[in-house]
Each structure stands twice: as C-alpha cells, then as structure tokens.
Amino acid sequence: MTAAPPVGGRDKAPSAVDRAYEHTKAHIIEGRVPPGEWLSEGEIAQALSVSRTPVREAFLRLQAEGMLRLYPRKGAVVVPLSERDVADVMQLREMAEVFAGRHALALEDDERAEALAELDRLVAEQRAVGESDLGRFVALDREFHAAIVRVSGNRLLDEFYASLRDKQERMGQDALRRDPARLRSILSEHAELVDRLRARDAEGYEAVLARHLESSRKLLSRVRRS
C-alpha cells in the first residue's frame, strides 16, 4: 500500500524555467540590466548552473510580458518602458484608487479604522526603510497603494491592479535611482492620502492622489528624455 504524502511537507522546488524567469525579471526591474542592453542565454544559464533550454523558455515568457525582445542567434534586448506605458499605468492606477478611496470613505467606523491602521503601518515601515533599501521602499510603495485598492472589496479589481505590479516596481526603481529626493515627497504624499481618508475628505483625497501620480509621471518622463 502506497503511503500518503506527509501533511505539511516541503514546498516543491521552483523549476529551472521559473528560476531563470525570476532571476532575469529581477535584474530588469531592479535596473541591473538597463534598457537597451543585451542578454544572452549562455550568461544566464551559467549564472544559474542550468542548461540554455529553460533560459530560452524564460526569455519567451518575458518577451510575452513586454520586458524583452528576442533576436534569433543573437540574444535578447531589454525593452524600455515608453512614455505611453507610464501614462497608461498612471491613468489606470488613478481610476482604480479613486474608486477604492470612495469605497473606503463609506466604510463603517470599525472597518475604516482597520484599513487606516494598515495604511499607517505601511507608511511607518516605508519611513523606517528610507533610502537604505530602495528595492524594499518601492515594494512597500506598491503595497500601500494595493492596500487602498483592496478596501474596495472588488476581487477582480484586486487582480487587475496586481497585474500592474511589475511595471509599477520597474517605474519606481527607475525613478528613485535617478532622483532619491523623490522618496521624501512620496512619504509626505502617502501620509496626506491617509489623512484625507481619515477625515472622510473625498475631494481632498482625490486631489492628493492626482498630484502624487502626476509627480511620478513627470519624473519618469524626464528620466526617459535624459
């Protein structure tokens, strides 16, 4: 009789394709491989001690996501985010976060207090991280805005917002590497957003959100032109 697998056993190890995919994507998002630079299957395969086949599959996934452009027998080039990409993401974020903010203002006191406490925690954690770890700061930035969207209670909106994650993190890393001073403005604007939600000030919340996203869009636009 075959024994049942142990409950609570170890998680399945990531496949070679997944390892190559996550490794390459992280390098792109974190700017270690800048836009326009070539990547070779051989270099990634050697770094991860895998064959070229899983790396090729990982590159195909990243091409489908718009991060790489493949050239047969040459390799892959990191695709830059365009100004249109930035504008489109910011527009979609504003639509989602305005909707979620309006829902947050209509919550019962206990639910709203719980949501605000989570936002306060994330702002405090961002402030503690500061410039010591830009990658962590950007991840917390995305989590802050995702927490606002979750307040809507709309599962499909959550999933849609999550689909923007990689572009958001890539934009955030790019912007803060070029202008670390923006970090302090982000902290201030996040605190303002929480204050407006706490005061049930819909107009004020939407004005701060629009200014927050537009400041990021303008910075990224300057980065693309420099």
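Colleague: Which residues form the negative surface patch?
Modeller: In this predicted model, the patch is made by E108, D110, E111 and E114.

Colleague: And where does D110 sit, and is that residue buried or exposed?
Modeller: D110 belongs to helix α5, which spans residues 109–129. Its relative accessible area is 67%, so D110 counts as exposed.

Colleague: Staying on α5, which side chain does E118 pair with?
Modeller: E118 makes a salt bridge with R121, at 2.9 Å from N to O. The two are 3 residues apart in helix α5, about one turn. E118 is partly exposed at 26% relative accessibility, and R121 is partly exposed too, at 40%.

Colleague: What about R184, which residue does that one meet?
Modeller: R184 meets E131 in a salt bridge of 3.3 Å, N to O. R184 is in helix α9 and E131 is in the loop between α5 and α6, so this pair ties together parts 53 residues apart in sequence. E131 is partly exposed, at 48%.

Colleague: How many salt bridges does the count come to?
Modeller: The count is 24. Another of them joins E214 and R217, with the closest N and O atoms 2.7 Å apart. Both of those lie in helix α10.

Colleague: Switching topic, what does UniProt say about residues 14–81?
Modeller: The unreviewed UniProt entry annotates that stretch as "domain: HTH gntR-type". In the model, residues 14–81 are 51% helix and 15% strand.

Colleague: And the protein overall, how many helices and strands?
Modeller: There are 10 helices and 3 strands. Of the 226 residues, 42% count as buried.

Key
Residues are numbered from 1 along each chain as its sequence is written. This is a predicted model: local features need pLDDT of at least 70, side-chain atom pairs count only at pLDDT 80 or more; totals for chains, interfaces and linings use all residues. Side-chain values use heavy atoms; hydrogens and water are left out. Patches are made of residues with over 30% relative accessible area and no salt bridge: like charges are joined within 9 Å, nonpolar side chains (Val, Leu, Ile, Met, Phe, Trp, Tyr) within 5 Å. Accessible areas come from the Shrake-Rupley method with a 1.4 Å probe; for residues, only the protein chains shown count as cover. A salt bridge is a side-chain nitrogen of Lys or Arg within 4 Å of a carboxyl oxygen of Asp or Glu. Lys and Arg count as positive and Asp and Glu as negative; His and the chain ends are not counted. The place of a charge is taken as NZ of Lys, CZ of Arg, CG of Asp or CD of Glu. Helices (H or I, at least four residues) and strands (E, at least two) are DSSP runs, numbered from the N terminus. Buried means under 20% relative accessible area, exposed over 50%, partly exposed in between (1.4 Å probe, protein chains only). UniProt positions are given in the numbering used here, feature names are shortened, and annotations may be inferred rather than shown by experiment.
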